[in-house]
Number of protein chains: 2
Amino acid sequence: MSELLSKATELDAADPLAALRSRFVLDDVVYLDGNSLGALPAGVAERLQDVVRREWGELRIRSWDESGWWTAPERIGDRIAPLVGAAPGQVVVGDSTSVNVFKALVAAVRIAREGDGAVERDEILVDATTFPTDGYIAESAARMTGCALRPVRPEEVPAALGPRTAAVLLNHVDYRSGRLFDLPGLTAAVHAVGAVAVWDLCHSAGALPVELDAHGVDLAVGCTYKFLNGGPGAPAYLYVRHGLQERFDTPLPGWNSHVEPFGMRPGYTPAAGAVRGRVGTPEILSLLALDAALDVWEGVDIAAVRRKSLALTDFFLECVARYVPEGAVECVTPLAHEERGSQIALRHERAGEVMRALTARGVVGDFRHPDVLRFGFTPLYVGFADTERAARTLAETLPA
Amino acid sequence: MSELLSKATELDAADPLAALRSRFVLDDVVYLDGNSLGALPAGVAERLQDVVRREWGELRIRSWDESGWWTAPERIGDRIAPLVGAAPGQVVVGDSTSVNVFKALVAAVRIAREGDGAVERDEILVDATTFPTDGYIAESAARMTGCALRPVRPEEVPAALGPRTAAVLLNHVDYRSGRLFDLPGLTAAVHAVGAVAVWDLCHSAGALPVELDAHGVDLAVGCTYKFLNGGPGAPAYLYVRHGLQERFDTPLPGWNSHVEPFGMRPGYTPAAGAVRGRVGTPEILSLLALDAALDVWEGVDIAAVRRKSLALTDFFLECVARYVPEGAVECVTPLAHEERGSQIALRHERAGEVMRALTARGVVGDFRHPDVLRFGFTPLYVGFADTERAARTLAETLPA
């Protein structure tokens, strides 16, 4: 047994989260793509059968009340809340991340312009390296609120902020590089100029502590199908902090966000609280699969998850350094812990081809255009032996 | 056996669609709420198990390609297309009805304003009696496009149209009264002033022929959980006719509608065709439950569905007239076939209480604020004996 394999075995034996792997349906594949689609939690299939056969099939329309369907978006939001450092009543689940970015950014601009007197805020800043949908939706939000959209690199945000800034859309962890940004510092900088911060948590929630309340974040959105394992295309969530809820003026005032949805009133009066972020009828089957998936978090400490995440990515880098010839790949992810999310991105000019070969050998990561091999580490089910095998297989797979 | 019960038995025996009932999971309840939540089609639970256990659980990320997840919104759209009289390539599934109303109305205003020269179109007309969410969303679409929203009763639409009209949002069938509106005539009237028509098909699709292509409808939206039986909160659909697709300028340009979604381009370039109506990652579990649910339409002629729908509602009215004392309820639904959808709405001052009592006796309809008893007739699984029983039970239930 190689030295690194022995070390992996020791690390697995000492891992306080090791038993959590049994909460998922897994095989002998090393699955390092949980930052794209989380693995299937063990209880989901059974729960969904009950939802379909009994709640829909037998109770039918009565389930909106009797099975708690109607209030599921806010109830499940409250289950996500502790994972992102939010007190109850501030997170609501529904719609896609893209749709939630639209809600949040338009609402952010409207909030920033309130009572601002002489200052005309007409600029939205967006991370220029963001996952594209955030940029596309930000462009539309800017167009529809009469703002200009200004893409800037995250490190340039502080200098770009000013009295014209209405809202800033930032990523907590970059989808390609895995870089973790300074959420407290950037939020404070945005607030210092009177603007509103919107954070995209897609690549951080479930992998590391987010602490939205503690850092005074205004609005945040995130998906639930990556580190939260909610299933393919599981509904996204929207966080609106308590202090802004009364001022949250949504561009998508669907009937589910009405104070009296079954009153069938011709005029729109928004509900109080996180419910204000709802729009139309929620996709119940996807939503309740997510609900069941969240059971895996029972008793899990997100700080322990973060410790394991860093240990896994450190160990992966150690194994890559040992197994892969120097210069064969370039690590794009920051080495400093405080700047690292829960993935390692390696640059290789033939990354697409390398990832196909790796997948064929049972190590699944993904490829991000044009040249990035992306390896996501979900601490709930990835172990150190998996990590060693991934690096070893990578070394065997790389073209000579 | 009463005369009407004998008649019901004869009608059921002669019903060419009677066998379709076996395609659903039903019990001895008379389910007249399929216009709110359609009953469970027989194959859905099994299909969803396969999606969860094999496609998500075993194939995981590979299912986006290998299980056809990525293209499901347009593929399933093409399965709905024949039910609304649309040639392939014009319907895409995803998001809620409310979100699709927003996309369609904003896009409609933008189309109407193109190349219009001197005419400033700054008004959106909306059915004043619409299901509330359409009105709320129309208000937001108006606000964000610099239009005024003008609610008018459907019969007043022709007179209200003018050179300032940008877009008109109409219901094919009214959710409360069950009134069927003149889609061809109103569409032609909207076109005559150079405006764009958006139709809400929630209460017509699956119950009667819609014929979008034949009548030159511009844009349409609809839900899939009523007469299409797609499951609770199943994703809605958006129709954009071929001739307008190049000009469809969406307010929600999510990455799923990009011409090259995995190119990760910073700039947005929309895809051609119905795909342009997509936004973010689709909620796959809800979407594929709908896919399975659409199997019940195999070999079904929508004209035959319409014939049975009218026969059922005629027979219900006949039974109500016989069993219920004159004046005890008032029928809100038009008697003329050309003005009737697939429901009967009866007004009663204690409608909420009456519906609770009916439900307790195994006849499930619903109550719409403030005084409407709503009975929806889904021709695929409701029979004439069910209909007789519903009217008889209603008579027994009404307060003396």
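Good morning. I begin in chain B of this predicted model, where strand β5 (residues 165-171) and β6(B) pair in the parallel sense over 5 bridges. One of the pairings to look at is that of Asn171(B), whose bridge partner in β6(B) is Asp200(B).

How many of the 5 residues of strand β6 of chain B are buried? The count is 5 of 5, so this strand, residues 196-200, is largely enclosed by the rest of the structure. Both of its faces are covered. Val196(B), Val198(B) and Asp200(B) lie on one side, Ala197(B) and Trp199(B) lie on the other, and all are buried. The general background is that side chains in a regular strand alternate between the two faces of the sheet.

Let me now turn to chain A and its sheet. Here 7 strands form an open sheet with mixed pairing, in the order β2-β8-β7-β6-β5-β3-β4. The edge strands of chain A are β2 (91-93) and β4 (148-152), each of which pairs on one side only. From one strand to the next, the twist averages 20 degrees. At the β2 edge, 3 bridges join β2(A) to strand β8 (residues 237-240) of chain A, and the two run antiparallel. Within β8(A), Tyr237(A) stands opposite Val93(A).

Which strands does helix α6 of chain A lie across? This helix, residues 132-145, lies across β3 (123-127), β4, β5 (165-171) and β6 (196-200) of chain A, and it runs at about 180 degrees to β3(A). Its length can be checked: at 1.5 Å a residue, the 14 residues of α6(A) should span 20 Å, and the end C-alpha atoms are 20 Å apart, which agrees. Since 12 of the 14 residues of α6(A) are buried, the helix is largely enclosed by the rest of the structure. Among the buried residues are Pro132(A), Thr133(A), Asp134(A) and Tyr136(A). After α6(A) comes Gly146(A), with a positive phi near 70 degrees.

The start of this helix leads to the annotation. An unreviewed UniProt entry carries a "binding site" annotation that covers, among others, Ser98(A), Phe131(A), Pro132(A), Thr133(A), Asp134(A), Trp255(A) and Thr281(A). The annotated residues are spread over 185 residues of sequence and also spread in space, up to 30.5 Å between C-alpha atoms. From this set, the lining of the largest cavity takes in Thr281(A).

Two of the annotated positions deserve a closer look. Thr133(A) has its place in helix α6 of chain A. Is Thr133(A) buried or exposed? Its relative accessible area is 3%, under the 20% cut-off, so Thr133(A) is buried. Setting aside neighbours within four places in sequence, Thr133(A) is in contact with Ser98(A), Gly254(B) and Trp255(B).

The second position, Trp255(A), is found in the loop between α9 (242-245) and α10 (284-293) of chain A. With a relative accessible area of 10%, Trp255(A) is buried. Again leaving aside neighbours within four places in sequence, its contacts in chain A include Trp70(A), Phe262(A) and Thr281(A), while those in chain B are Ser98(B), Phe131(B), Thr133(B) and Tyr136(B).

I close with helix α2 (residues 44-56) of chain A. Its buried residues include Val44(A), Leu48(A), Val52(A) and Trp56(A). What covers the buried residues of α2(A)? The cover includes α3 (63-66) and α10 of chain A, together with α2 (44-56) and α10 (284-293) of chain B. Thank you for your attention.

Technical notes. Residues numbered from 1 in each chain as written. Chains lettered and ligands numbered in written order. Predicted model: local features only at pLDDT ≥ 70, side-chain atom pairs only at ≥ 80, totals over all residues. Heavy atoms only, no water. Pairing = 2+ DSSP bridges. Helix = DSSP H or I, 4+ residues; strand = E, 2+ residues; numbered from the N terminus. Axes fitted to C-alpha atoms, helices over the stretch in contact; angles between N-to-C directions. Contact = heavy atoms within 4.5 Å. Expected span 1.5 Å × (residues − 1). Buried < 20%, exposed > 50% of the residue type's maximum accessible area, 1.4 Å probe, protein only. UniProt positions renumbered as here; feature names shortened; annotations may be inferred. 1 Å grid on protein atoms, 1.4 Å probe; cavity = no way out; pocket = protein on both sides within 12 Å on 5 of 7 lines; lining within 4 Å.
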